[in-house]
Each structure stands twice: as C-alpha cells, then as structure tokens.
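User: Please examine the model shown here and answer a short series of questions about its cores, strands and surface.

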Amino acid sequence: ICVKAGEDLSNFHKHFAIQLNDTHPAIGVAELMRLLVDEHDMDWEAAWEITRNTFGYTNHTLLPEALEKWPVDLFGDLFPRHLEIIYEINRRFLDEVRTRYPGDEARVARMSLIDEAGGRYVRMAHLACVGSQAINGVAKLHTRLLEEELLRDFHEMMPEKFSNKTNGVTPRRFMLLCNPGQSRLITEKIGGTWVSKPEELRQLERYADDGTFREAWRRVKIDNKNNLARLIRERTGIEVDPTSMFDILVKR
C-alpha cells in the first residue's frame, strides 16, 4: 500500500482491511503503527484507532505452531523499533486490564503481550488479539475452545470481537463446479434447493435401494475417474487404471 507523506490517513481503515491468518503476520500490527506514528507523524491514539480497525485475526488451529512466541532479545535485535511499539501497546493495554479487573495481577500476567514465565517472549497471538477488531475460529467447536480455553481472558474482556467463520468447501463450490455430473443427478431426483439447503440431501436416502439410481451414481463416478485418467495421461504421459481407487489430497 503506497501513500504519500502528509496524505490524510484518518479513513485508512474504511478502505483497507488486513487479515492475520494465524500469528505469522502479526508483526503487521506493530509495523502499521510504526508507519503511522513514525513515517506520518500521527498521534498514538489516532494511529491505534486506525490500526485496531484495520486488522482482523483468524486462528486456524489450537496447536503451538499457530501461537508463536519470540524471545524478546532476538526480537529486539532484529526489530528494535517494533519491540518498543509492542511495549507501548502492552503498557496501555494492561492499564485497561487493571482498570477492568482491579487487583487481578494473575490475569494481567496471563494477558500481557510479554510472557515472563521462564524467560521473556513476545506473545504474537496476544498482539493479534489486542491489535484486531475481530477474532474468529474456523469451526464451531474450534471457536468455542478459543473462547472457553485458549483465549478465555480475551473473550471475557472483549466478547464482541469474537465470532465463528466455518472453514471448508461449500456445496456450491465442491459439487456444482467440481462435480457437475453428480450435481445434475441429485437435482434430477430431489430438485435444486439442496445447493443452498444441504440438509435436503437426506432426501437421497429414499433411493438407497433403487438399482437404477445406484447404477447412475456409479456411472457418474466412473466417468469422473475416466476423465481424471485421461488428464493424467495428457499431462504426464502416465497411464492409470480408472478402476483403481484414487486417494487425492487437495489443499490451498
């Protein structure tokens, strides 16, 4: 994003949105503050309002690799100004925590952006939580575990930030675009409203013992496998037996 010095950035967050996918890019919170404060001479409060409303944070997993913690010494050697900014974000945030929960220093320690138990580390997930306007998990159970366990203190203090956005592939993408033959067969039997109401696929159960329908279903599968075998041959020169079982992983 290129902006000129002196340009009015007060509405930046109304035109740009930045999504933090796990904590790998969470330093972006400190970087945007650095740009606004150091490069564009903005007051801290105004810069923080813009930054906090620009970022959103998606937690994809409860596993440690998505909850990075960086040693303060290493962080300071590589990004000294960013560490100063994180310290200031933390100081102001912990003042809010103490005002909200007076006398609860255990909570203050848990919510601090700096982990001081057994060494000093920057908690990137905490930076992402504090520096974002929205926090979400990617499945109903996952989000509930974020709210009740992993990020419980943050959810208790700022529940309005949390929501769920279920990850995955919708029938409209996987079925209609990737498997048009099967989609047509289903629509012929139960109508087309299943695309927006996938629970209506339960209507297919009535055809479980219908030999004609089962044969049509098998025909769609073998046609798809024949098409895949042809594609593999055209692109690689490898001949595969379309009656084989194909075990395929597709990832972004």
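The questions and answers below treat the core, the strands and the surface in turn.

Analyst: This is a predicted model in which local features need pLDDT of at least 70, side-chain atom pairs count only at pLDDT 80 or more, and totals for chains, interfaces and linings use all residues. Residues are numbered from 1 along each chain as its sequence is written, and side-chain values use heavy atoms, with hydrogens and water left out.

User: Which helix supplies the largest share of the largest nonpolar core?

Analyst: A nonpolar core is a set of buried Ala, Val, Leu, Ile, Met, Phe, Trp, Tyr and Cys residues joined through side-chain atoms within 4.5 Å; buried means under 20% relative accessible area, exposed over 50%, and partly exposed in between (1.4 Å probe, protein chains only). The largest such core has 45 residues, among which Ile89, Phe93 and Phe154 touch the most other members. Elements that each supply at least two of its residues include α3 (44-54), β2 (55-58) and α5 (80-100), where helices (H or I, at least four residues) and strands (E, at least two) are DSSP runs numbered from the N terminus. The largest share of this core, 7 residues, comes from α5.

User: Which residue in β6 is the bridge partner of glycine 56?

Analyst: Both faces of β2 are covered, with Phe55 and Tyr57 buried on one side and Gly56 and Thr58 buried on the other. Two strands pair if DSSP finds at least two bridges between them; β2 runs parallel to β1 (residues 18-21), with 4 bridges, and parallel to β6 (residues 134-137), with 3 bridges. In β6, the partner of glycine 56 is alanine 134.

User: What is the C-alpha to C-alpha distance between valine 240 and alanine 229?

Analyst: Valine 240 lies in the segment after α12 (211-236) and is partly exposed, at 27% relative accessibility. Among residues beyond four places away in sequence, valine 240 touches Ala229, Ile232 and Phe246 (contact means heavy atoms within 4.5 Å). Valine 240 and alanine 229 are 11 residues apart in sequence, and their C-alpha separation is 5.8 Å.

User: What is the relative accessible area of tryptophan 70?

Analyst: Tryptophan 70 is found in strand β3 (residues 69-71). Together with Leu74, Leu78 and Phe79, Trp70 makes a nonpolar surface patch of about 370 Å². Tryptophan 70 counts as partly exposed because its relative accessible area is 38%.

Note on methods:
Patch = residues over 30% accessible without salt bridge, like charges linked within 9 Å, V, L, I, M, F, W, Y side chains within 5 Å. Areas by Shrake-Rupley, 256 points an atom, 1.4 Å probe, with all protein chains shown as cover. Salt bridge = Lys/Arg side-chain N within 4 Å of Asp/Glu carboxyl O.
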